[in-house]
Amino acid sequence: MSFGESDSPTLADVEAVVRENVSGHVDGDRHEQGKQRLLAALRHRRPGVARQARRVVLIAAALGALAGGGAYAWKQHSGTRLTYDVAGGLLSDSGYVRSSGASGARLTFSDGSRVDLQDGARARIAAVDAHGARLAIENGHAALNVAHLPRAAWYVDAGPFVIQVTGTQFDVDWSSYDDTLSVDLHEGSLVVSGPPAPTGVLLRAGQRLTAHEGRLSIEALEQAVQVAESPLLDPPLPEADPALADPALAEALPSPSAEPPAATAHF
Amino acid sequence: MVPSSQPSRARLVALPSPTLAQADDATLARAASSGDPRATSVLWDRFSPLVRRMLRRTLGPTAEVEALLQEVFLRALRQLAGLPESAQLKPFVVAVTVRVLSGELKRNRMRRLLRLQGPWHSHDFASADPATRTALSSLYRILDELDADARLAFTLRHFEGLQITELASAMDASLSSAKRRLARANARVQAAVSRDAAFSAYATAASLGDAP
């Protein structure tokens, strides 16, 4: 212990007595108990409802029957799980979906969202709640049209990626055979993160992202379609641009209407 | 596809990796704000000792700090989504802890004014030896006389070692305000410990090597 040498205690003495006797350490069991308590609290917390919003609802309910009724209706809405139908496909008890005909399968959700699985595509509905669903694309092509609603929260798993959606239109193609992800964004914007781009890449509407073998490329969707339609063209990918790993720089890419160049980044 | 009439947005985020424990702040913050329990677990492992220490050193090592610790993490997890990409987690967690502490110090002050909470006694500090317990109870009685802002400035500077700029940032105060609070607290604590016989005796014994 190192204390001041003068007769009167100093602030250094005050520091020493606290620093040497009051720590934040607890034993492993207590540390784990605290962690489990926190995780349990998070599980029981109503998703997406901020504390402020809950206060507003409570105050409104206390003020009168009308406000109370509104709060009740709001809560009812927020607690109703989405329902869905499957057309043109088979749905197993575990939520596994695959198309049964050449036209593919269509999932239609009660909030108006739709997922079209192309013929041969396989997917699984992992979870459904009041604000969205979690869909895992196991292989193949899916076109999603997610209704833009307040607090909408949708997730699409595609290999090592997760697509978090709040309302937009995009196509996802995931090949489990060669681990290739392709995302065509028709509306809104995307931030892509994952093994090839841990810091994230921002996409804009009209752009295509492709991730394959540690390489990630971004190109204008219109340009990509033109390339795909030409049987004679098989253009090499352009030089790497590591700056694309930075979402701020990726965001600065020109929009497709300004004819942006195709770009590829290695990660 | 049916075109949406409203602005829309979608995000692609990485699945939390097994190496999340080694992830940088931005990755960890993003994973935690997306509700990944593994990221929450890593956050707890990484920051709960720091937060618990701050709570104990500022309030005194009472059992109530565990409830406040939970509150700090719940608040931090709620606010993580709005954290800028470039922000570092530690200053963010410290700032959230300071806000929780500020509220608790004000409540404690009110409890003492209403006589709902008594002064510190040496038996409150069960983990230390008798002489140290006496010194700590004297010190925390002195700290109880400070207002919340001055006490926070004092504990963050002297017990946690924050620089004055870090202190100002954590307290969401200007540099000059932080300096004023710290100077006020320093003067009061210095004067009080000098007058306190128990603390003086302990400090003298410690300087002579007699303290445990």
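**Exercise 1. Place B:Glu104 in its chain and decide whether it is buried or exposed.**

*Solution.* Start with the secondary structure: B:Glu104 sits in helix 4 (residues 89-113) of chain B, where helices are DSSP runs of H or I with at least four residues, strands are E runs of at least two, and both are numbered from the N terminus. This is a predicted model, in which local features need pLDDT of at least 70 and side-chain atom pairs count only at pLDDT 80 or more, while totals for chains, interfaces and linings use all residues. Residues are numbered from 1 along each chain as its sequence is written, and chains are lettered from A and ligands numbered from 1 in the order in which they are written.

Next, count neighbours. A residue is buried with 20 or more other C-beta atoms within 10 Å of its own, exposed with 12 or fewer, and partly exposed in between, with C-beta atoms placed from the backbone. B:Glu104 has 19 C-beta neighbours inside 10 Å, so B:Glu104 counts as partly exposed.

Finally, look for partners. Leaving out residues up to four places away in sequence, B:Glu104 touches B:Leu59 and B:Leu68; a contact means C-beta atoms, placed from the backbone, within 7 Å. The C-alpha atom of B:Glu104 is also 8.7 Å from that of B:Ala148, 44 residues apart along the chain.

**Exercise 2. Find which residues touch the most other members of the largest nonpolar core, and where this core lies.**

*Solution.* A nonpolar core is a set of buried Ala, Val, Leu, Ile, Met, Phe, Trp, Tyr and Cys residues joined through C-beta atoms within 7 Å. The largest has 58 residues, and those touching the most other members are B:Ala32, B:Leu55, B:Val72, B:Leu139, B:Ala153, B:Leu167 and B:Met171. Helix 2 (residues 37-59) of chain B gives the most to this core, with eight residues. Domain 1 (24-118) and domain 2 (119-212) of chain B both give residues, so the core lies between them; these bounds come from an automatic or database domain assignment.

Now zoom in on B:Ala32. Beyond residues up to four places away in sequence, B:Ala32 touches B:Ala39, B:Thr40, B:Leu43, B:Leu77 and B:Leu80. B:Ala32 is among the buried residues of helix 1 (residues 25-33) of chain B, which include B:Thr27 and B:Arg30. After helix 1 of chain B comes B:Gly35, with a positive phi near 90°.

**Exercise 3. Work out why strand 10 of chain A is largely enclosed, and which strands pair with it.**

*Solution.* Check burial: five of the seven residues of strand 10 (residues 169-175) of chain A are buried, so strand 10 is largely enclosed by the rest of the structure.

Then follow the pairing, which requires at least two DSSP bridges between two strands. Strand 7 (residues 133-145) of chain A runs antiparallel to strand 10 of chain A, joined by six bridges; here A:Gly140 has A:Trp174 as its bridge partner. Strand 11 (residues 180-185) of chain A also pairs with strand 10 in the antiparallel sense, over six bridges, and A:Val172 stands opposite A:Val183. Four residues lie between the strands of this hairpin, where A:Asp179 takes a positive phi near 50°.

**Exercise 4. Judge how confident the predictor is along chain A.**

*Solution.* Use pLDDT, the predictor's confidence in each residue, from 0 to 100. Chain A has a mean pLDDT of 72, and 65% of its residues reach 70 or more. Among its elements, strand 4 (residues 105-109) of chain A has the highest mean, 91, and strand 16 (residues 263-266) of chain A the lowest, 39. Over residues 227-267 of chain A the pLDDT is below 50, and this stretch has 64 contacts in the model beyond near neighbours in sequence. Where pLDDT is low, the predicted coordinates should not be read in detail.

Technical notes. Two residues are in contact if their C-beta atoms, placed from the backbone, lie within 7 Å.
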